[in-house]
Amino acid sequence: MITLENVSKTYGSGAQAIHALKPTDLHVPQGAIHGVIGLSGAGKSTLIRCVNLLERPSSGRVFVDGQELTALSPQALNQARHRVGMIFQHFNLLSSRTVFANVALPLELMGVPRREIRERVQPLLDLTGLTDKHDKYPAELSGGQKQRVAIARALASRPKVLLCDEATSALDPQTTSSILELLKDINRKLGLTILLITHEMEVVKSICHRVGLIAGGELVEEADVGDFFTAPETRLGRDFLNAFLELDPPQALIDRMQAKPAEHTHPVVRLAFTGDSVSMPLISRLTRDCGIDVSILEAKVESIQDRTLGLMIAELIGPPERVQAALDYLEDHDLKVEVLGHVQRDA
Amino acid sequence: MSNAMLELIFKATLDTLYMVGLSGLVAAALGVPLGVLLYVTRPGQILARPVTNRALGIVTNIGRSIPFIILMVAIIPFTRLIVGSSIGTNAAIVPLTIAAIPFVARLVEGALNEISPGLIEAAQSMGATPYQIIVKVLIPEARGGIITGLTITVVTLISYSAMAGAVGGGGLGDLGIRYGYNRFDPMVMLITVVILVVMVQGFQSLGDALVRKADHK
């Protein structure tokens, strides 16, 4: 539904050129919710704005619903944009218009007759839970309600694609989840394809099917959300995940940790359980079959869509050869094992 | 005070209202579009035309920098071309209008500056043409600021119109100078000033009320 081919964006030229987006390919199939996550300045905003050409790419081609937007005349592009809705972090509602008139705006721009506008706007207000807000002005609404108006407005032209530019970043956690529920609902009911950018893992976790990780203007990793949350491939992916899961060893332990094993040290490991290994009695097997002691420092279980992710930080205590055997055993059973460091055995 | 004097004051009040009203209307009709043009032709804006923008900016600044009393006599040939005479109330309206157009334009431009660029972007993402953005987004969103600007303009015009006597334009300022000052009649001076004060207060209150009605921020 959305395809970016080799799309890049450079500001300025020569030595001062800033490569906001390096040549990037992206494909979002019909009906998918695709997230792009990254830190501020990573280029995610440039990426999403290249899709509806609010930002004209320096190179590459953009296709939406089989039509190459980058090849269109300004007039034809305006027509094509009716099929691509967009919502923003700061809502961007017109303060001079009521809720109804804001939602009606895209239809007015398309030249839809007044009577038909009235018939089309009301169901959108119902869908977004704004039935009784018809005549209110944006200044009278809460942040969440404003974003609902923006969503209704974005849907008014019956787009095939919805672009969400940090749509929940200005909202509190509760409102965020209600807006995300609404987006999920729309995706299901209308079969709308959604591309969203965010810096919040929570957003990706709760509604995305697939996620791309962007850094330095490059998509460095792309995966199904289940895979990304259980086994991110890049360093940055792991950083995002760890920051999200807040699972780091206690500071006192980090201070004692050394990078290399030595005599009388044992490893501190982070274990990630997914799939079948979640339900396995691993710890007791390690103790019984490998003959080592396991000291659990921290642990938690997260559900990511239909997948379960268990995480644990533990010390593996025992003679080096047995500890090694235990590590091999864990890897054999599809656990992700990351050795964080080694600590001296307490006397 | 004699009836003749009261009649003079009455006529001068009407003259002032006529000069201010007509020049204000024409200045609004030309100044608002000029202000919009100054805004939308800026580099990076929806109708970016840097050269045009520069030229308009320079012309506007020249208009803003000429003292009104000089402007009034400097454009006498132009005034004569437009109204057929270089003296009288109508002759005063031409320089008043010319002075007010760039004034309105800059105030309108300032009002448009207050609009969040996000709104323009949102409209573009909906496929709005530049014309649609101006008519459906920029002007309605800046309505409060534009009315504020027009109110300031009217008040400024009232004060400028006091100089209209220099070209025989009449009005309250002229009356105050001729009868109040030149003929040492403090009563006339006082009355003209009071009427001017009431007029300014009235226009300001009207403007404020309209802004309150227009603004939903």
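Helices and strands are named here as DSSP runs, a helix having at least four residues and a strand at least two, numbered from the N terminus. In this predicted model, residues 89-108 of chain B are 100% helix and 0% strand, and the C-alpha atoms at the two ends are 27 Å apart.

**Confidence and annotation**

The predictor assigns the complex an ipTM of 0.86 and a pTM of 0.85. For chain B the average pLDDT is 93, and 100% of the residues score at least 70.

The span 89-108 is one of those that an unreviewed UniProt entry annotates as "transmembrane region" in chain B; the list reads 20-41, 62-83, 89-108, 146-167 and 187-211. Residues 20-41 of chain B are 95% helix and 0% strand, with 30 Å between the end C-alpha atoms. For chain A, an unreviewed UniProt entry places the feature "domain: ABC transporter" at residues 2-241. That stretch of chain A is 39% helix and 26% strand, and its end C-alpha atoms lie 27 Å apart.

The table sets these annotated spans side by side.

| Span | Helix | Strand | Distance between end C-alpha atoms |
|---|---|---|---|
| Residues 2-241 of chain A | 39% | 26% | 27 Å |
| Residues 20-41 of chain B | 95% | 0% | 30 Å |
| Residues 89-108 of chain B | 100% | 0% | 27 Å |

**Chain A as a whole**

Chain A contains 12 helices and 14 strands. Its C-alpha atoms fill a box of roughly 80 × 50 × 30 Å along the principal axes. Of the 347 residues in chain A, 41% count as buried. Among the contacts in chain A between residues at least 6 apart in sequence, 68% join residues at least 24 apart.

The chain is divided into domain 1, residues 2-238, and domain 2, residues 247-344. The C-alpha centres of domain 1 and domain 2 of chain A are 40 Å apart. Contact between them involves 6 residues of domain 1 and 7 residues of domain 2. On the domain 1 side, helix H8 (residues 225-230) of chain A gives the most, with 4 residues. By class, that side of domain 1 has 3 nonpolar, 2 polar and 1 charged residues.

**Covered elements in chain A**

Helix H1 (residues 44-51) of chain A is mostly covered, with 8 of its 8 residues buried. Among them are Lys44(A) and Arg49(A), as well as Leu47(A), Ile48(A) and Val51(A). Just after H1(A), Leu53(A) takes a positive phi of about 60°.

Strand S6 (residues 84-88) of chain A is also mostly covered, with 5 of its 5 residues buried. On one side of S6(A) are Val84(A), Met86(A) and Phe88(A), and on the other are Gly85(A) and Ile87(A); both faces are covered. S6(A) pairs with strand S7 (residues 161-165) of chain A in the parallel sense, over 5 bridges. Within that pairing, Gly85(A) has Leu162(A) of S7(A) as its bridge partner.

**Where the two chains meet**

The contact between the chains takes 20 residues from chain A and 18 residues from chain B. On the chain A side, helix H2 (74-81), S6 and helix H3 (99-110) each supply at least two residues. H3(A) gives the largest share of that side, 4 residues. The side of chain A that touches chain B has 9 nonpolar, 9 polar and 2 charged residues.

**Three loop residues in chain A**

Most residues other than glycine have a negative phi. Arg158(A) is not a glycine, yet its phi is positive at about 55°. Arg158(A) lies in the loop between helix H5 (143-155) and S7 of chain A. It counts as partly exposed because it has 14 C-beta neighbours inside 10 Å.

His264(A), likewise not a glycine, has a positive phi of about 60°. Its place is the loop between helix H10 (251-256) and strand S11 (265-274) of chain A. Is His264(A) buried or exposed? With 12 C-beta neighbours inside 10 Å, His264(A) counts as exposed, since the cut-off for that class is 12 or fewer.

Gly291(A) is found in the loop between helix H11 (282-290) and strand S12 (293-304) of chain A. Gly291(A) has 13 C-beta neighbours inside 10 Å and therefore counts as partly exposed. Leaving out residues up to four places away in sequence, Gly291(A) touches Gly318(A) and Arg322(A). The C-alpha atom of Gly291(A) is separated by 9.6 Å from that of Ala325(A), which is 34 residues away along the chain.

Note on methods
Residues are numbered from 1 along each chain as its sequence is written. Chains are lettered from A and ligands numbered from 1 in the order in which they are written. This is a predicted model: local features need pLDDT of at least 70, side-chain atom pairs count only at pLDDT 80 or more; totals for chains, interfaces and linings use all residues. UniProt positions are given in the numbering used here, feature names are shortened, and annotations may be inferred rather than shown by experiment. pLDDT is the predictor's confidence in each residue, from 0 to 100. A residue is buried if 20 or more other C-beta atoms lie within 10 Å of its own, exposed if 12 or fewer, and partly exposed in between; C-beta atoms are placed from the backbone. Two residues are in contact if their C-beta atoms, placed from the backbone, lie within 7 Å. Domain bounds come from an automatic or database domain assignment. Ala, Val, Leu, Ile, Met, Phe, Trp, Tyr, Cys and Pro count as nonpolar, Asp, Glu, Lys and Arg as charged, and the others, Gly among them, as polar. Two strands pair if DSSP finds at least two bridges between them.
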